[in-house]
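Q: Could you take me through one part of this model up close? I'd like to hear how the pieces around it fit together, and how far the prediction can be trusted there.

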Amino acid sequence: MATLREHRAFLQKERLELINLLESIGGHPYVSMAYKSKLEEVEKQIRELPPLGQKEARTTLYFSGGPVVGSEGIDSLFASNVLSPFQNMVMEDYSSRVNGRSNGKRGKVKNANESRLLLVGLPRGSFGLELVKAENETLLDEMQLGETLAYITELVAASAKNDENFAEYLDKTDPRVINSLKDFLKVIANNKAGIRLLTGDFTCELSPRQAKSAYNRVSQTYAEKKSIRMEGIFKGALLESRKFDFNDQNGYKITGVIDHELNDTKITYFNTSFTNKKCVAVMDEYTITYKNNRKSIRYILCLLYTSDAADDRISV
């Protein structure tokens, strides 16, 4: 099944062909009537399509270059190696959107089944792998997965543009996604392949040379994690976005996200017990270093407790 972008392009091409046919046959009464009817039907379908910017819980990866033999086939080992890190990127970003940023630990990702993709087709034209969401969850899950797939498409495109554009996208990216993106681009670059990624109305296309450049950029991006304890004043957290604010002892405000292992009950406890009070925050501090040596720091809140009351501690 074609993506929304491909379906729109197909209908627009068909519309132009019908217009050209009508011009070529002149005023032939019967033939022109049939083509006019068909043109009206195609134009109606185009009008009924969702607006541009639509996100879908399906994506198609087209490959060219080294591992591809025309439009006939693709190296099976390459296909297997490239799909695994792509699925990991999807799972990690989806989990961070649903549960808050991950804690950077290796292991099973929460909500993995909800972001599982099925290989359902092998589209021709270069050679493609079509992936869709497994039909086992709710419409909300499908919308969330559509957001993730659109973002992954944009992230891959940004990795090939320039350091600044890529850094801007990484500011919104779960640190675990960086490693999976490295693995994904490494497989493509090492096999001298090109890729075209289509997700709804979102697309990116990298030649083999651009894919190699993107891998070089991402491979020189590092996420270093350390656990820190900081005294200060907790300013509260939001349940929906899972963002929190914390002022250190010098009044400097830190904004971050709640560890995804903490549920809403524990976040509510934080808000009711610690808001505007002195306490100790245990956080994972990530330092992201980019190719151009630019650095950014992110914080993930794991624990709050008062320095004089061990009973207030919550383990994760």
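What follows is a close look at the barrel and the strand pair with the salt bridges.

A: Sure, let's start with a word on confidence. This is a predicted model, with a mean pLDDT of 78 for the protein and 76% of the residues at 70 or above, that is, scoring at least 70. Strand 9 comes out highest in confidence, at 94, while strand 4 (residues 117-121) is lowest, at a mean of 54. Two stretches call for some care. Residues 101-109 have a pLDDT below 50, and in the model this stretch has 34 contacts beyond near neighbours in sequence. Residues 310-316 are also below 50, with 17 contacts counted in that way.

Now for the barrel. Five strands close up into a barrel in the order 8-9-10-12-11, and the pairing is mixed. From one strand to the next, the twist averages 50°. Let's zoom in on strand 8 and strand 11, which pair in the antiparallel sense over 13 bridges. To pick out one spot along that pairing, Ala 223 has Ile 288 in strand 11 as its bridge partner.

The side chains add to the link. The structure has three salt bridges, and one of them joins Lys 225 to Asp 284, with the closest N and O atoms 3.8 Å apart. Lys 225 belongs to strand 8 (residues 222-237) and Asp 284 to strand 11 (residues 277-289), so this pair ties together parts that lie 59 residues apart in sequence. As for the setting of the two ends, Lys 225 is partly exposed, at a relative accessible area of 40%, whereas Asp 284 is buried, at 6%.

Move along to Lys 226 and Glu 285 and you find another salt bridge, at 3.6 Å from N to O. Here too the lysine sits in strand 8 and the acid in strand 11, so the pair ties together parts that are 59 residues apart in sequence. Lys 226 is partly exposed, with 47% relative accessibility, and Glu 285 is buried at 11%.

The remaining salt bridge to mention is between Arg 242 and Asp 264, at 3.9 Å from N to O. Arg 242 is in the loop between strand 8 and strand 9 (243-248), and Asp 264 is in helix 8 (residues 264-274), so this pair ties together parts that are 22 residues apart in sequence. In this case the basic residue is the buried one: Arg 242 has a relative accessible area of 6%, while Asp 264 is partly exposed at 41%.

Back in strand 11, have a look at Met 283. Met 283 is buried, with 0% relative accessibility. Leaving out neighbours within four places in sequence, its contacts are Lys 226, Ser 227, Ile 228, Met 230, Phe 244, Tyr 299, Ile 300, Leu 301 and Cys 302. So Lys 226, already met as a salt-bridge residue, also turns up among the contacts of Met 283. There is a longer-range distance to note as well: Met 283 and Leu 304 are 21 residues apart in sequence and 9.0 Å apart in space, C-alpha to C-alpha.Next, the nonpolar cores. The largest has 50 residues, and Phe 63, Phe 86, Phe 184 and Ile 188 touch the most other members. Another core, of 18 residues, lies apart from it and includes Ile 228, Phe 234, Phe 244 and Tyr 299. Ile 228, Phe 244 and Tyr 299 are also among the contacts of Met 283.

A helix comes into the picture too. Helix 6 (residues 175-190) lies across strand 8, strand 11 and strand 12 (295-305), running at about 160° to strand 8. In the loop between helix 6 and strand 6 (193-199) you find Lys 192, which has a positive phi of about 55° although it is not a glycine. Lys 192 is exposed, with a relative accessible area of 63%.

Asn 276 is a further non-glycine residue with a positive phi, about 65°. Asn 276 is placed in the loop between helix 8 and strand 11, and is exposed at 51% relative accessible area.

Note on methods. Residues are numbered from 1 along each chain as its sequence is written. This is a predicted model: local features need pLDDT of at least 70, side-chain atom pairs count only at pLDDT 80 or more; totals for chains, interfaces and linings use all residues. Side-chain values use heavy atoms; hydrogens and water are left out. A salt bridge is a side-chain nitrogen of Lys or Arg within 4 Å of a carboxyl oxygen of Asp or Glu. Helices (H or I, at least four residues) and strands (E, at least two) are DSSP runs, numbered from the N terminus. Buried means under 20% relative accessible area, exposed over 50%, partly exposed in between (1.4 Å probe, protein chains only). Contact means heavy atoms within 4.5 Å. A nonpolar core is a set of buried Ala, Val, Leu, Ile, Met, Phe, Trp, Tyr and Cys residues joined through side-chain atoms within 4.5 Å. Two strands pair if DSSP finds at least two bridges between them. Axes are lines fitted to C-alpha atoms, for helices over the stretch in contact, and angles run from 0 to 180 degrees between N-to-C directions. pLDDT is the predictor's confidence in each residue, from 0 to 100.
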